[in-house]
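Here are some exercises to help you find your way around a protein model. Try each one yourself before you read the solution.

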Amino acid sequence: MSALVLAAAKGYEPPSTENFWQPLIGSGAWAITRPMVLMVISVVLLAVVLLGVSRRLSVVPGRAQFATEGVYDAVRNGLGRDIIGDHDFLKFLPLLFTLFTLILVNNVFSIIPVIQYPTMSRIGFPAGLALVVYIVFHAIGIRSKGLVGYFTSLAPPGLPKPLLLLIYPLELITYFFTRPVTLALRLFGNMFAGHILLLLFITGFDYMLRTSDSWVLHVLSIGPFVGTFVMTAFELLVQVLQAYIFTLLAALYIAGALADEH
């Protein structure tokens, strides 16, 4: 009901895509933007934490070492070894661990006070990470099977030739277009939609309580106020899940490129 009243209220400007374009230095395509700075901060933060933890390893771990080892074990065992296999997973563990931690930190930036911006809500960042995964799984597939063998392996084995003529183009589209595009769009879409919902609750609460002169809106502002906390908790869950799903799919694509058969 609060949302309907808010939508009908005059003077309220809902959040839009313009809220995500935040240049700090310069303008246009060459501007240094807020998500670019946040990406650099996340890389420095991860480097400082991981180097600090690795230099003070102990038999009885502290909180930082315990948390870091928990994340590392989850990626190593749950995403690396179980999906890629015991023989090959260690070679790709640095990539998988980097993808998961980098995406997770940048997603969580969305709900940290003062920062409150999900870097992955700008399509360029998930597209860049998807491009890295795309190059890796095709390169290792070609390296392990040879160029002809890799392209041959894309088709399901045992298909009759007439059916193969129909299936093979679809497989090519899946491997070379659908996979990287959906990998990037899934992460981008979830972070963008989640953050714009959060903005809607926050700006709605601010308008209804402080800007509007209507006592009805003042009373109903409790709706977006509570909704902000509910959405923040839900967003945290989505942020962790999206980091996990992106890394999981990267591991699956790598495992598929290394598999002997389609």
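**Exercise 1.** Which elements each supply at least two residues of the nonpolar patch?

*Solution.* Keep in mind that you're working with a predicted model. Start with the members of the patch: Leu-24, Ile-25, Ile-32, Met-36, Val-37 and Ile-41 make a nonpolar surface patch of about 500 Å². Now place them on the chain. Strand β1 covers 23–25 and helix α2 covers 34–55, and each of these supplies at least two of the patch residues. Of the elements, α2 gives the most, with three residues.

**Exercise 2.** Take Met-36: is this residue buried, partly exposed or exposed?

*Solution.* First, locate the residue: Met-36 lies in helix α2. Next, look at its relative accessibility, which is 36%. Buried would need a value under 20%, and exposed a value over 50%. Met-36 therefore counts as partly exposed. Met-36 is also one of the residues that make the nonpolar patch.

**Exercise 3.** Find Thr-68, then work out which residues Thr-68 is in contact with, leaving aside its neighbours within four places in sequence.

*Solution.* Go to helix α3, which runs over residues 63–84; Thr-68 is found there. Its relative accessibility is 17%, so Thr-68 counts as buried. Now check what it touches: with the sequence neighbours set aside, Thr-68 is in contact with Leu-50 and Val-53.

**Exercise 4.** How many salt bridges does the structure hold, and which residues form them?

*Solution.* The count is two. Take them one at a time.

- Asp-88 pairs with Lys-91, and their closest N and O atoms are 3.4 Å apart. Asp-88 counts as buried because its relative accessibility is 17%, whereas Lys-91 is exposed, with a relative accessible area of 58%.
- Arg-210 pairs with Asp-206, at 2.7 Å from N to O. Arg-210 is exposed, at a relative accessible area of 65%, while Asp-206 counts as partly exposed at 29% relative accessibility.

**Exercise 5.** Why are Arg-210 and Asp-206 separated by about one helical turn?

*Solution.* Look for the element that holds the pair: it's helix α7, residues 161–211. Then count along the chain: the two residues are four apart in that helix, so about one helical turn separates them. Their side chains meet in a salt bridge.

**Exercise 6.** Where does UniProt place the feature "transmembrane region", and what is the chain like over residues 35–53 and 123–142?

*Solution.* Begin with the record. The unreviewed UniProt entry places this feature at residues 35–53, 92–117, 123–142, 187–208, 215–234 and 240–259. Then compare two of those stretches with the model. Over residues 35–53 the chain is 100% helix and 0% strand, with its end C-alpha atoms 26 Å apart. Over residues 123–142 the figures are 95% helix and 0% strand, and the end C-alpha atoms are 28 Å apart.

**Exercise 7.** Step back: what does the secondary structure of the protein come to?

*Solution.* Count the elements and you get nine helices and two strands. Reading along the sequence gives you the pattern α-β-β-α-α-α-α-α-α-α-α. For the overall dimensions, the C-alpha atoms fill a box of roughly 70 × 60 × 40 Å along the principal axes. Of the 262 residues, 36% count as buried. Finally, turn to the surface: the protein exposes about 15100 Å², and carbon and sulfur atoms supply 72% of that area.

Note on methods: Residues numbered from 1 in each chain as written. Predicted model: local features only at pLDDT ≥ 70, side-chain atom pairs only at ≥ 80, totals over all residues. Heavy atoms only, no water. UniProt positions renumbered as here; feature names shortened; annotations may be inferred. Buried < 20%, exposed > 50% of the residue type's maximum accessible area, 1.4 Å probe, protein only. Contact = heavy atoms within 4.5 Å. Patch = residues over 30% accessible without salt bridge, like charges linked within 9 Å, V, L, I, M, F, W, Y side chains within 5 Å. Areas by Shrake-Rupley, 256 points an atom, 1.4 Å probe, with all protein chains shown as cover.
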